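This report looks at the surroundings of the ligand, beginning with individual contacts and moving outward to the elements and domains around them.

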Amino acid sequence: MSDTGIMLLSEVVTTSAALAGTRSRLKKAEFIAGLLSKATESSSAQPAVTGSAVTEIVVTYLSGELRQRRTGVGWRTLQDAPEPAAEASLTVVAVDAAFAELAEMSGTGVQARRRAAVDALFGRATADEQWFLRQLVSGELRQGALDGVMADAVARATGIPLGKIRAATMLRGAAAPVAVAVLTEGEAGLAQFGLEVGRGVQPMLAQSATTIAEALAKTGTPAALEWKLDGIRIQAHRNGDHVVVYTRTLDDITARVPEVVTAVRALDARQIVLDGELIALRPDGRPEPFQVTGSRTATRSATGPDTVPLTPYFFDILHQDGQDLLGLDSTARHEWLAKLVPEERRVPRLVTDDAAAGQEFFADAVRRGHEGVMVKSLTVPYEAGRRGSGWVKVKQTHTLDLLVLAAEWGHGRRTGWLSNLHLGARDEETGEFVMLGKTFKGLTDELLRWQTERFQEIAARRDDWVVYVRPEIVVEIAFDGVQTSPRYPAGMALRFARVLRYREDKSPADVDTIQTVRSIHLGPD
Ligand SMILES: Nc1ncnc2c1ncn2[C@@H]1O[C@H](COP(=O)(O)OP(=O)(O)OP(=O)(O)O)[C@@H](O)[C@H]1O
């Protein structure tokens with residue numbers, strides 16, 4: 001910090017470099033905690049700026065984001081910046097103000113005005129700061145993986161128990177707002193992050209395993225096995241007669257799914273929050289392919305002669321009539337669920353400690369056309385937003401959600417299209433993405449057209465054959481196995497990788513990890 005107690009951008013840049021330079025979670029948490037403590041002090045040193053503003057700016061920059069979601073500044077504008085300044089003098093407040101101004105710009109001559117504003121900002125930045133700003137604007141610093149470390153760091157900086165900060169982070173679905181609230185208001189700031197009927201909660205997520213026995217080893221036994229339906233995740237909130245239905249990404253789709261509204265209104269309670277899956281079934285009860293459910297929920301109109309009916313199934317309950325149930329273990333939550341929701345609205349379930357019985361249940365689910373099963377620990381609370389070992393999915397086909405790192409210009413029939421994708425998995429320890437292979441298999445003409453356009457919009461860098469993109473696009477890949485491959489940085493590559501679908505509902509933080517891929521390669525521990 002400068003002598004006057006004003007937070008300089010250079011301090012954020014130095015901390016960010018230190019974070020990238022260590023693999024240790026503890027060190028990362030210490031670095032962040034140090035900077036956050038300074039940020040809170042500096043907030044009060046600048047009475048002209050609202051108390052929490054400096055803290056909020058620092059927290060968002062460390063997460064690789066800007067407070068202004070869109071700045072209008074394109075890749076080209078960032079390429080030729082003016083000469084860097086020799087000395088660090090930019091404050092975070094000045095940088096934030098410059099981006100706020102950029103975000104507001106519109107109308108005639110906007111390109112030239114943007115260019116001038118970017119030049120003015122970059123002209124005041126040192127070479128390191130210019131690099132940092134460029135990464136911030138292009139989204140290349142975005143690090144969902146820092147969310148967990150951020151909670152640790154805030155606990156250190158404030159002395160508030162980590163569990164409380166984690167719980168609030170889960171309910172809010174992001175670390176930054178919680179960090180800002182407790183750093184500026186203390187423990188009282190946590191009160192605003194409780195469960196509220198009507199407001200979406202980040203859904204609990206699952207790890208994966210290749211066999212039932214491996215899944216049971218993760219959850220502990222006995223465990224509950226449930227069919228894994230390949231539809232879309234729904235979270236239904238009822239408050240009196242008012243029902244709201246959210247997707248996995250907490251988009252409100254109530255108007256598109258009247259079936260869910262009817263099903264929830266039929267239940268005998270006034271306030272309810274349920275977690276479940278919505279799926280299109282054929283008249284014989286077998287599931288339609290995922291695309292059928294997906295297209296029904298993606299369109300605005302839910303009526304008309306061609307409308308495919310959807311069937312909701314519920315597998316968890318988070319709230320009933322004034323009682324938050326998230327903190328109960330899953331056995332107790334299931335008792336609440338079974339009392340409220342009739343059996344035909346619940347996902348078929350088996351509680352067992354026997355891998356052979358579990359295997360039979362899995363085979364039956366697959367024979368009936370389902371994706372596989374979810375194996376669930378009986379003892380865990382509802383871990384909103386977490387991919388812990390409380391839920392473990394076992395599927396018939398291996399799939400991974402990977403990040404598109406780049407795409408190559410195609411040859412022959414694919415000339416003029418961006419085709420071969422470079423695929424990356426997330427390294428849990430560093431938060432970085434590691435390349436695992438390439439594929440163009442499974443890409444339809446429609447997908448080729450879509451990705452050629454989309455990837456050019458989010459290009460971060462190009463060379464003759466390859467367009468490197470910002471880390472935004474998640475793609476679901478099927479593959480036959482993992483093989484040793486010295487050509488790739490992780491020493492392994494996917495066999496027969498093929499594209500199943502783009503996952504616009506997922507963010508880079510949801511991408512499967514290199515550690516998961518390694519355990520598929522080597523088998524479970
Ligand atoms: N019985 C069930 N319990 C929990 N989730 C279920 C169940 N049946 C289907 N699902 C779906 O499986 C998903 C859990 O897998 P995961 O958390 O990995 O999300 P995902 O990556 O979207 O899943 P996937 O890509 O494997 O379909 C849930 O989001 C939900 O949509």
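In this predicted model, a polar side-chain atom of Glu226 lies 3.0 Å from a nitrogen atom of the ligand, and Glu226 itself is found in strand S2. Two arginines also have side-chain N or O atoms close to the ligand, Arg248 at 3.2 Å from an oxygen atom and Arg387 at 2.9 Å from an oxygen atom. The table sets these contacts side by side.

| Residue | Ligand atom | Distance |
|---|---|---|
| Glu226 | nitrogen | 3.0 Å |
| Arg248 | oxygen | 3.2 Å |
| Arg387 | oxygen | 2.9 Å |

On its own the ligand has 600 Å² of accessible area, and the protein covers 96% of that area. Strand S2 (223-228), strand S9 (372-377) and strand S10 (391-395) are the elements that each contribute two or more residues to the shell around the ligand.

Around the ligand there are 21 residues, of which Arg233, Glu277, Lys393, Lys395 and Lys506 come nearest. Sorted by class, the shell holds 13 charged residues and eight nonpolar ones, with no polar residues. Because domain 2 (207-394) and domain 3 (398-522) both give residues to this shell, the ligand lies between them.

The UniProt record, an unreviewed entry, places the feature "binding site" at Glu226, Arg233, Arg248, Glu277, Phe315, Arg387 and Lys393. From this set, Glu226 and Phe315 belong to the lining of the largest cavity.

Terms used. Residues are numbered from 1 along each chain as its sequence is written. This is a predicted model: local features need pLDDT of at least 70, side-chain atom pairs count only at pLDDT 80 or more; totals for chains, interfaces and linings use all residues. Side-chain values use heavy atoms; hydrogens and water are left out. A residue is near a molecule or strand if one of its heavy atoms lies within 4 Å of it. A polar contact is a pair of N or O atoms within 3.5 Å; within protein, one must be able to donate a hydrogen and the other to accept it, and residues adjacent in sequence count only if both atoms are side-chain atoms. Accessible areas come from the Shrake-Rupley method with a 1.4 Å probe; for residues, only the protein chains shown count as cover. Helices (H or I, at least four residues) and strands (E, at least two) are DSSP runs, numbered from the N terminus. Ala, Val, Leu, Ile, Met, Phe, Trp, Tyr, Cys and Pro count as nonpolar, Asp, Glu, Lys and Arg as charged, and the others, Gly among them, as polar. Domain bounds come from an automatic or database domain assignment. UniProt positions are given in the numbering used here, feature names are shortened, and annotations may be inferred rather than shown by experiment. On a 1 Å grid over the protein atoms alone, a cavity is a set of points where a 1.4 Å probe fits but cannot get out, and a pocket is an open set with protein on both sides within 12 Å along at least five of seven lines; lining residues have an atom within 4 Å of a point.
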